[in-house]
Amino acid sequence: MREQTQLPCSIDCPNCGAAVNPPHLAGSGQVRDSVGRVFACPRVAERARAAAEGRAHGEIEGEFPLPKRFAGARLGVVPAGFPELAKAHAQGAAWLAGRRGMNLICWGGVGTGKSHLLAALVHAARGAGQQALFVDTATLLAKIRATFDGGSEAVGIGGAAIMEGLQRTPLLMIDDLDKIKPSAWATEVIWQLVSARYNAALPTAVSLNSSLKDLARDSSWAAIADRLRDQATVVILAGATMRRSAA
């Protein structure tokens, strides 16, 4: 009987030097060693995975572009006469620099700069080379609702892709969380998003007009509020509105 050559348990990749086990495994980023064995280079495979994740993030970012009115939003750049907003920006910058899977809760009256702060955080994160998204809650729900099949409120293929993208985004800003018309379906979608990010220890920043304590008085929001508040940084904007009247 012809003697079979037994392959070693592992070899060093000729491309990157990393140990490969088993050496005959073929897959993404295939390379060939000096004796003709084909296997997946760990470094090339990792680059391929990173590239795929980058493409996926680009697609979800295309679904939720940052609103044009926030193109110039920057941390620390606030109008004179709004000390509460300046303080909030400082708190936001500290959170962005030192977050460890904790959330940021920004709440206060209308026009006090909550959305502006979240947008400034997105610009700061992207400027540091991090992936970050700004999502308006009403727009998110509308996009998912548009994927309904035959009037069913089950999330369709497009909606599932949107949810997966938002659940995996390294840094997510959810604007106007409490300004939607509450329904069992809407709160279920938000719960799935918040819970998935909580379990993955991915930081989420949200803006609200009311506090989480007030939000949790509605039983359908209680579990969502509980996930968001865990070890969260809370920023309160109680100042005057930034919006100016044309009169």
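Leu-177 is a good place to enter this predicted model. Neighbours within four places in sequence aside, Leu-177 is in contact with Thr-137, Ile-190, Val-206, Ser-207, Leu-208, Trp-221 and Leu-228. Leu-177 also belongs to the largest nonpolar core, which has 30 residues. Within that core, Leu-177 is among the residues with the most contacts, together with Leu-140, Leu-166 and Leu-228.

Many elements feed this core. Strand 6 (132-136), strand 7 (171-175) and strand 8 (204-208) each supply at least two of its residues. So do helix 4 (137-145), helix 5 (157-168), helix 6 (184-199), helix 7 (212-215) and helix 8 (219-229). The largest share, 6 residues, comes from helix 6. Apart from this core lies another, of 23 residues. Phe-70, Ala-73, Ala-88 and Leu-118 are among its members.

Leu-118 leads to helix 3, where it is one of the buried residues. Helix 3 has 14 residues, and 10 of them are buried, so the helix is largely enclosed by the rest of the structure. The buried set runs without a break from Lys-114 through Ser-115, His-116, Leu-117, Leu-118, Ala-119, Ala-120 and Leu-121 to Val-122, and Ala-125 joins it. What do these residues pack against? Their partners are helix 2, strand 5 (104-108), strand 6, strand 7, strand 8 and strand 9 (233-237). The length of helix 3 can be checked too. At 1.5 Å a residue, its 14 residues should span 20 Å, and its end C-alpha atoms are 20 Å apart, which agrees. After helix 3 comes Gly-129, with a positive phi near 85°.

The packing between helix 2 and helix 3 can be followed through one residue. Leu-96 is found in helix 2. Leu-96 has a relative accessible area of 13%; the cut-off for burial is under 20%, so Leu-96 counts as buried. Residues up to four places away aside, Leu-96 touches Leu-75, Leu-121, Ala-124, Ala-125 and Leu-171. Of these contacts, Leu-121 and Ala-125 are buried residues of helix 3. Leu-96 and Ala-124 are 28 residues apart in sequence, but their C-alpha atoms are 8.5 Å apart in space.

Next, the rings. A search of the whole structure finds 1 aromatic pair. Phe-70 and Phe-134 form this pair, which is tilted, with 5.7 Å centre to centre and 55° between the planes. Phe-70 lies in the loop between helix 1 and helix 2 (83-98), while Phe-134 lies in strand 6, so the pair ties together parts that are 64 residues apart in sequence. Are these two rings buried or exposed? Phe-70 is buried, at 5% relative accessible area. Phe-134 is buried as well, at 4%.

Two other rings lie under charged side chains. The charged end of Lys-143 sits over the ring of Phe-64, 5.7 Å from its centre. Arg-145 lies over the face of Trp-185, 4.3 Å from the ring centre.

Charges also meet charges. Side chains of opposite charge can pair when their charged atoms come close. The whole structure holds 5 salt bridges. One of them joins Arg-126 to Glu-61, with the closest N and O atoms 3.8 Å apart. This pair links distant parts of the chain: Arg-126 is in helix 3 (residues 114-127) and Glu-61 in helix 1 (residues 42-63), 65 residues apart. Arg-126 is partly exposed, at 28% relative accessibility. Glu-61 is partly exposed too, at 29%.

Another bridge sits within a single helix. Arg-229 and Asp-226 meet in a salt bridge, 3.8 Å from N to O. Both lie in helix 8, 3 residues apart, about one turn of the helix. Why can such a spacing bring side chains together? An α-helix has 3.6 residues a turn, so residues three or four places apart point the same way. Arg-229 is partly exposed, with a relative accessible area of 37%. Asp-226 is also partly exposed, at 41%.

A further bridge joins Asp-214 and Arg-217, whose closest N and O atoms are 2.2 Å apart. Asp-214 is partly exposed, at 37% relative accessible area. Arg-217 counts as exposed, at 62%.

Notes:
Residues numbered from 1 in each chain as written. Predicted model: local features only at pLDDT ≥ 70, side-chain atom pairs only at ≥ 80, totals over all residues. Heavy atoms only, no water. Core = buried A, V, L, I, M, F, W, Y, C linked by side-chain atoms within 4.5 Å. Buried < 20%, exposed > 50% of the residue type's maximum accessible area, 1.4 Å probe, protein only. Helix = DSSP H or I, 4+ residues; strand = E, 2+ residues; numbered from the N terminus. Contact = heavy atoms within 4.5 Å. Salt bridge = Lys/Arg side-chain N within 4 Å of Asp/Glu carboxyl O. Phe/Tyr/Trp six-rings, centres within 6.5 Å; stacked < 30°, edge-to-face > 60°. Lys NZ or Arg CZ within 6 Å of the ring centre and 35° of its normal. Expected span 1.5 Å × (residues − 1).
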